[in-house]
Each structure stands twice: as C-alpha cells, then as structure tokens.
Amino acid sequence: MLEILRNAWKVEELRKKILYTLFMLLIYRLVGVVPTPGVNVAYIQQAVSNSDLWGILNMLNGGNFASFTLLAMGVSPYITASIVIQLLTIAIPKLEELSKQGEEGRKKLSSITRYATVALGAIQAIGIIVGMGKDAVISPNFFTYLTIALCMAAGTAFAMWVGERITENGIGNGISLLIFVGIVAALPTQFGNMITSYIDNPASLWTAPIIVIAIVGLIVGVICVDLGQRKIPVQYAKRVVGRKMYGGQSTFLPIKVNSVGVLPLIFASSIIQFPLIIANFWPNGKFTLWLNRVFSSTHPVYLITFAGLIIAFTFFYSLISFNPVEISKNIQQNGGFIPGIRPGRPTSDYIKRVSNRLNAFNAVFLAIIAVIPSLFIALTGSASPFTATGILIAVSVSIETAKQIESQMLMRHYKGFLR
C-alpha cells in the first residue's frame, strides 16, 4: 500500500487526484463539526451510547450522529436510496428501460437517486428526533423540526456531492472513502475508551489478548478472502485472419471470492435501521417498544435479521453486477471455450454455478464477521471495543483504493506507451 502511494505520488496526474481527494475529505470532516440548531446534543449522545443500532449509524458516519451535526445522516440515506432504486428497477418496467438506455438512462437514474437521498435524509432525521422524545430538541415546535429536517437534507446532499466528486475527479470509490474516513477518525476514541475501561476494571484485562488476536485474525481473514479468486480455465481456438494466426492459447477467467466488497454489510447496516426509524414516529407504540427490545446487539432476532440481510444482499448485488450469460457470449464470440463444457448455455450455467458457490461462502463469511462482536459480548460479558463491520470496511476499502490507484498507474503507462 505505501509503495503504491509512493509510486503514485511521483506521477503528476495521480498526485493531483490524491491531493484533490484529501482536500475533499478534509472539507467533509470540517463540515462534520458544524452543529445542527435546536438539538440537545447531550441527550442524543446519551441515547446513542445506550443503543446498539444508533452506535452502528454513528460508526458509519464518523461520530457525526452522536453530536448530531449537519452530517449526522452522512451517506446512509444515499445507500438506502440506491438500494431502493435498484430494487424498483427490477420491479418497475419504466425504470428497467432507463437502466438499459446506456449513459443517458444511468444519468436519469442517478438524478432520481439523488432526489430520493435528500428526501430520505430529512425523513430519517425527523423520525430519529421524534422517536428520541421531546428532550432531544431544545424547543419542541414545528419550526424546530422543520429546521432540523432542512439541515439534515442539506448535510445529506453535501455528503453525497463530496462522494461523487471524489469518484469523478479523485482516486475513485468516493462513498466508501467517506465511510472509511469516519471509521478511522473514531479509532483514537475507541482505543481511549478501551484503555479507560481496563483501568477502571482491571479484572477484564484478560480479554485484551483475545481482542488483539481477534483483530489480527479478522484483518488476515478479510485480506485472504478479498484477494482470493477462482480461476476457470479458458482455451481459445486457433483462427487465421489474413496472413496471421490468432488464438490457440490457454488462459483463465478469474472470479473473485468477494466480488461484492463491503456493500452487503453497508446495505444491511443501513436497512436494519430503517424500520426502527419509521417506528419512532410512534414512540409509545407496541411495535416500537418491541423493536427497541429485540434490536439489541445480543438478541437472537437482531443477529438472525442482520445475518440474513447480509446474505440476501450478497446474492442480490452479485446478481445485478455479474452476468454469466454475457460472459459466456463474449468467450464464445472470441473463439474460446471452457475445457469439458459445451459453449453457450452450458458455459453460462457452469459460470453461474461457480459464482453461486463463491457467493454462498462469501455471504456466510461476511455474516460471521458481522456477529463476532455480539458473540464476544455474550461470551465475555464485557463490551466489545471494536466493530468487526468497521474493520472489514476499513481493510476492504484500503485494498480497493490501492487497486484503483494501481490500475490508474497501469492505464497511464499504456497511454504513454501508445503515444
């Protein structure tokens, strides 16, 4: 990683992209300290510390949610809106037509996603504030709630804009980098809390080696799974074009074990909060009280729901991002075939079968990673000073960013060679 950054820094074009990305991230963090008017910050911080779901949202937003700054909602509404639009694309024919209209259709879908993101940012903020009770605001009246809704909508739009600018003009992967920066920014506080807890309770010091081993094991496991791939052999037949002979070589089709990255975890973390946010409009309702009771980090209902969402989103995102039929057609059109498999549908079925097996392993792996902190709490009886979700996101985004920088360096090398 450091070697890649050092080499990229020597290239002027990439150096400008890196500096632009760092500048945008700095602006994002600076705006994240601007408070939202009319909010009782002390009360919200106490509510966040007593809720596991709010803690996850606070982790994804870099601690901005606990302080309820302008970026309290962060990119969570954008993630939720993206999921909803992708689901509706399959269900609504008009949106499906837009998705097949190339670049122009994708621009229209992006505009719809942006409007939905701003609306969700305001709705989620009001749902959370109303659900926390009248003590969450200094002066509970219509204009206070309207001000909070407008501020959250503006903050959500700004976070989405920063992510898109980093994707277009920076090193890429903008939304994931915003989440990554938030997680990294919270590390000093987490380590400080861990040290304080050991000082206050020396009897729990025996858990420190377990935590270190667990963190190292998680990082190694995430790296191995993220870099792992299944190589399907592909043989290309010889063909003569003019006076030259092409093909006749053996290669392979790489299929990544973790082809969906950290998106299932991010999607599941955002979606699992949505029912509670909506239910909080009726804070004294039986359904809201039941959700608040069962959606704790160690409750079986929460663990099963969270793991199930991760598994479902792993297969869902793989379904919309990986097309075995298209890959099979490309192999056949270039005169290739998989040894022992007939061209056409048998090839696409074989690729799909391999992909489904890899997705099944990856989905179970991600689900186990996500529930490790809860199991740690249940076994040791002490709070977990780390989040497996945060570690997974941080490691995966680091690897993905390094790959993108490396690919841009390689692309620039080929462009310079062709010129």
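E164 and R114 form a salt bridge in which the closest N and O atoms are 3.0 Å apart, a salt bridge being defined as a side-chain nitrogen of Lys or Arg within 4 Å of a carboxyl oxygen of Asp or Glu. E164 lies in helix α9 (residues 142-169) and R114 in helix α8 (residues 102-132), so the pair ties together parts that are 50 residues apart in sequence. Helices (H or I, at least four residues) and strands (E, at least two) are DSSP runs, numbered from the N terminus. The structure is a predicted model, in which local features require pLDDT of at least 70 and side-chain atom pairs count only at pLDDT 80 or more, whereas totals for chains, interfaces and linings use all residues. Residues are numbered from 1 along each chain as its sequence is written, and side-chain values use heavy atoms, with hydrogens and water left out.

The two partners of this salt bridge fall into separate accessibility classes, where buried denotes under 20% relative accessible area, exposed over 50%, and partly exposed the range in between (1.4 Å probe, protein chains only). E164 counts as buried at 14% relative accessibility, while R114 is partly exposed at 29%.

A search of the whole structure yields 3 salt bridges. Another of these also involves helix α9: the side chains of E168 and R165 meet with an N to O distance of 2.8 Å. These residues are 3 apart within α9, about one turn of the helix. E168 is exposed, with a relative accessible area of 51%, whereas R165 counts as buried at 15%. A further salt bridge links R345 and D349, at 3.7 Å from N to O. Both residues belong to helix α17 (residues 345-380), where a spacing of 4 residues separates them by about one helical turn. R345 is exposed at 65% relative accessible area, and D349 is partly exposed at 35%.

The protein chain contains 18 helices and 5 strands. Helix α15 (residues 300-321) has 22 residues and should span 32 Å at 1.5 Å a residue; the computed separation of its end C-alpha atoms, 31 Å, agrees with this value. The expected span is taken as 1.5 Å times one less than the number of residues in the helix. Buried residues of α15 include the aromatic positions Y302, F306, F313 and F316, together with L303, L309 and I310. A307, T314 and S318 are also among the buried residues of this helix.

Three strands form an open sheet in the order β4-β1-β5, with antiparallel pairing. The edge strands are β4 and β5, each of which pairs on one side only. Two strands are considered paired if DSSP finds at least two bridges between them. Strand β1 (residues 229-236) is joined to strand β4 (residues 250-256) by 7 bridges. Within this pairing, Q229 stands opposite K256, and V234 has T251 as its bridge partner. On the β5 side, 2 bridges join β1 to residues 336-337 in an antiparallel arrangement, with Y236 standing opposite G336.

Over the chain as a whole, 44% of the 419 residues count as buried. The exposed area is about 21800 Å², of which carbon and sulfur atoms supply 65%; accessible areas come from the Shrake-Rupley method with a 1.4 Å probe, and for residues only the protein chains shown count as cover. Among contacts (heavy atoms within 4.5 Å) between residues at least 6 apart in sequence, 71% join residues at least 24 apart.
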